[in-house]
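Me: I'm in my first year and still learning to read protein structures. Could you take one part of this one and walk me through it slowly? I'd like a close look at the aromatic rings and whatever surrounds them.

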Amino acid sequence: QVQLVESGGGLVQAGDSLRLSCAASGRTFSGYAMGWFRQAPGKEREFVAAISWSVSTYYADSVKGRFTISRDNAKNTVSLQMNVLKPEDTAVYYCAVGGLDLVLKGQNVYWGQGTQVTVSS
């Protein structure tokens, strides 16, 4: 059974940094992309960042230059370094694993349970 476990969320002030991590287990993830989505209260889940097996990276315009995604293929982990956080970054952040085109769309992927990030102004 596939499990994705996120960690690293919390309450920070605007301008601070946080690092989210996600550990995947339960199957072989060779060739799979990994990514992050977020969902703010009253809004739909939105794409944040993704990284392919070959470590090509993709970012939403809203986080480019502030967030950095990375992965460790040997450990089946993906991380999201979030710098210069803004109140509008407040959301539940979800880890996703699947084919690259599916991760980019957030469709038919494995999801984690989510971790709350709250940025106060």
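Reply: Here is a walk through the ring pairs, followed by the core and one of the sheets. Keep in mind as you look that this is a predicted model.

Let's start with the rings. Searching the whole structure turns up four aromatic pairs. One of them joins Phe37 and Phe47: the ring centres are 5.6 Å apart and the planes meet at 75°, so this pair is edge-to-face. Now find the two residues along the chain. Phe37 belongs to strand β4 and Phe47 to strand β5, so their pairing ties together parts that are ten residues apart in sequence. Phe37 and Phe47 are both buried.

Next, look at Tyr94 and Trp111. Their ring centres lie 6.5 Å apart with the planes at 85°, so this pair is edge-to-face too. Tyr94 sits in strand β9 and Trp111 in strand β10 (residues 110-111), so the pair ties together parts 17 residues apart in sequence. Are these two buried or exposed? Tyr94 has a relative accessibility of 14%, so it counts as buried. Trp111, with a relative accessible area of 31%, is partly exposed.

You can now put the pieces together, since ring pairs link Phe37, Phe47, Tyr94 and Trp111 into a cluster. A charged residue joins the picture here: Arg45 lies over the face of Tyr94, 4.0 Å from the ring centre. The charged end of Arg45 also sits over the ring of Trp111, at 4.2 Å from its centre.

From the rings, let's move to the nonpolar core. The largest one has 34 residues, and those touching the most other members are Trp36, Val48, Phe67, Val78, Leu80, Met82 and Tyr93. Several strands each supply at least two residues of this core, among them β4 (33-39), β5 (46-51) and β9 (91-98). Take Met82 as an example of a core residue. Setting aside neighbours within four places in sequence, Met82 is in contact with residues including Leu18, Leu20, Phe67, Tyr93 and Val117.

Finally, step back to a sheet. Four strands form an open sheet in the order β1-β3-β8-β7, with antiparallel pairing. At its edges are β1 (3-7) and β7, each pairing on one side only. On average, neighbouring strands in this sheet are turned by 15° against each other, direction ignored. If you zoom in on β7 and β8, you'll find antiparallel pairing over six bridges. Within that stretch, Ser70 stands opposite Ser79 in β8.

Terms used: Residues numbered from 1 in each chain as written. Predicted model: local features only at pLDDT ≥ 70, side-chain atom pairs only at ≥ 80, totals over all residues. Heavy atoms only, no water. Core = buried A, V, L, I, M, F, W, Y, C linked by side-chain atoms within 4.5 Å. Buried < 20%, exposed > 50% of the residue type's maximum accessible area, 1.4 Å probe, protein only. Contact = heavy atoms within 4.5 Å. Phe/Tyr/Trp six-rings, centres within 6.5 Å; stacked < 30°, edge-to-face > 60°. Lys NZ or Arg CZ within 6 Å of the ring centre and 35° of its normal. Pairing = 2+ DSSP bridges. Axes fitted to C-alpha atoms, helices over the stretch in contact; angles between N-to-C directions.
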